[in-house]
Amino acid sequence: MPLYLGVMSGTSLDGLDIALIEQGEQLELLATHYVPMPSDLRQQLLALCASGPDEIARAALAENRWASLAGEGIQQLLAKQGLPAHAIRAIGSHGQTIRHEPARGFTVQIGNPALLAELTGISVVADFRRRDVAAGGQGAPLVPAFHETLFSHLGQRLAVLNVGGFSNLSLIEHDKPVHGFDCGPGNVLLDAWIERKHGQAYDADGAWAASGIVQADLLSALLSDPFFAGSGPKSTGREVFNLAWLDGHLARLPHYRDQDVQATLLELTAQSIIESLRNAQQSTEALLVCGGGARNGALMARLGALLPDAQVASTGAHGVDPDWVEAMAFAWLAHCCLEGIPANRPSVTAAKGLRVLGAIYPA
């Protein structure tokens, strides 16, 4: 059975997730590897999310470093597994998103797949989002088709929620095409706020948020953003939700304790997810959560409280480690590309039709 590697670097920019899968009649996760993001590279990538001087050269240099980091991680994983490069059919590389503006007709993920192929001696499939955007779609989220592959056999009216930097939902019902969309901020504002106030990369288990009190007027102001009023298909990113966006709201309201802002941001994430879900799927039976948010106990508790009639659990409850779903997805997307299998879903992205996604960089 063919083996594939998936490399995922999300909007949280904490590191690279690398997953090794076997693609047979059933997809199997064989091994994983995590590579922390060097702090200076993280800052360089964050800076590229907004316009700045000499950004073409800065982007080129940053993506070379990103590809080198991914190459080192892949070699480490293969060494641990005792596998030669030629045992892997392809690497599916998401790259690092630095701009995502489908309304203006573009999305940009950097990661120099040509260099990654050169460094590893393995063919690379990358640039998955732009074909969907070219076909009039949002280019995101791309994981609903993969979620459908993993979980449709459960036979429930279910939703799969990925909470990374941003949150997105996949809605799966046996008699309907899979539906999905971005809900809004996941961890992006929570991480940014605690980093600003305490120098920490994230709020472990949501403990700091749990120590605060949700501020109703701030929450109402944040939820008034036009993004939340729209129904899917829709996608978003740091271009919309960032610290400057939060600061703009805070400047117009009374002063709050730092932990109360954190509590309100967690409630923003939870409420925007559940409101989106209720508007899109009636009588959800199960909500399966993956991504970093699945490890946030305070967030999981709020999701359960806001959706009391459904089973709310990590994808781990069904044998799929929540930390590795997205990396697995991009390994699967590489398989789909090489096999000529369309992997977007017009019901998710509003593209004109099914498309084979990705560009191939041979070894």
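Modeller: Buried means under 20% relative accessible area, exposed means over 50%, and partly exposed is in between. Keep in mind that this is a predicted model.

Colleague: Okay, so why does aspartate 247 count as partly exposed?

Modeller: Its relative accessibility is 29%. That sits between 20% and 50%, so aspartate 247 is partly exposed.

Colleague: What makes arginine 196 and aspartate 247 a salt bridge?

Modeller: Their side chains come to 2.9 Å, N to O. The cut-off is 4 Å, so the pair counts as a salt bridge. Arginine 196 lies in helix α6 (residues 188-198) and aspartate 247 in helix α10, so this pair ties together parts 51 residues apart in sequence. Arginine 196 is partly exposed too, with a relative accessible area of 41%.

Colleague: How do you know that lysine 197 forms a salt bridge with aspartate 258?

Modeller: Their closest N and O atoms are 3.8 Å apart. That is still within 4 Å, so the pair passes. Lysine 197 is in helix α6 and aspartate 258 in helix α11, so parts 61 residues apart in sequence are tied together. Lysine 197 has a relative accessible area of 36% and is partly exposed, and aspartate 258, at 26%, counts as partly exposed as well.

Colleague: Which residues are joined into one network by salt bridges that share partners?

Modeller: Arg157, Glu173 and Lys176. Over the whole structure, the search finds 15 salt bridges.

Colleague: Why does arginine 129 have no salt bridge?

Modeller: The nearest side chain of opposite charge is glutamate 326, 5.5 Å away. A salt bridge has to be within 4 Å, so this one doesn't make it. Arginine 129 is buried all the same. You'll find it in the loop between β7 (124-126) and α4 (130-134). Leaving out residues up to four places away in sequence, arginine 129 touches several others, including His94, Gln109, Leu142 and Phe330.

Colleague: On to the rings. How many aromatic pairs are there?

Modeller: The count comes to six. One of them is phenylalanine 146 with tryptophan 332, 5.5 Å centre to centre with 45 degrees between the planes.

Colleague: What makes the pair of phenylalanine 146 and tryptophan 332 tilted?

Modeller: Stacked needs under 30 degrees and edge-to-face needs over 60, so at 45 degrees this pair is tilted. Phenylalanine 146 lies in helix α5 (residues 144-151) and tryptophan 332 in helix α13 (residues 325-339), so the pair ties together parts 186 residues apart in sequence.

Colleague: Are phenylalanine 146 and tryptophan 332 buried or exposed?

Modeller: Phenylalanine 146 has a relative accessible area of 0% and tryptophan 332 has 8%. Both values are under 20%, so both residues are buried.

Colleague: Why is α5 called mostly covered?

Modeller: Six of its eight residues are buried, so the name fits. Among them are Pro144, His147 and Leu150.

Colleague: Last one: what makes the charged end of lysine 234 sit over the ring of phenylalanine 227?

Modeller: The charged end is 4.2 Å from the ring's centre. The distance cut-off is 6 Å, so that part of the test is met. The ring of Phe227 also belongs to a cluster, linked by ring pairs, with Phe228, Phe241 and Trp245.

How values were computed
Residues are numbered from 1 along each chain as its sequence is written. This is a predicted model: local features need pLDDT of at least 70, side-chain atom pairs count only at pLDDT 80 or more; totals for chains, interfaces and linings use all residues. Side-chain values use heavy atoms; hydrogens and water are left out. Rings of Phe, Tyr and Trp (its six-membered ring) pair if their centres lie within 6.5 Å; planes under 30 degrees apart count as stacked, over 60 as edge-to-face and the rest as tilted. Helices (H or I, at least four residues) and strands (E, at least two) are DSSP runs, numbered from the N terminus. Buried means under 20% relative accessible area, exposed over 50%, partly exposed in between (1.4 Å probe, protein chains only). A charge sits over a ring if NZ of Lys or CZ of Arg is within 6 Å of the ring centre and within 35 degrees of the ring normal. Lys and Arg count as positive and Asp and Glu as negative; His and the chain ends are not counted. Contact means heavy atoms within 4.5 Å.
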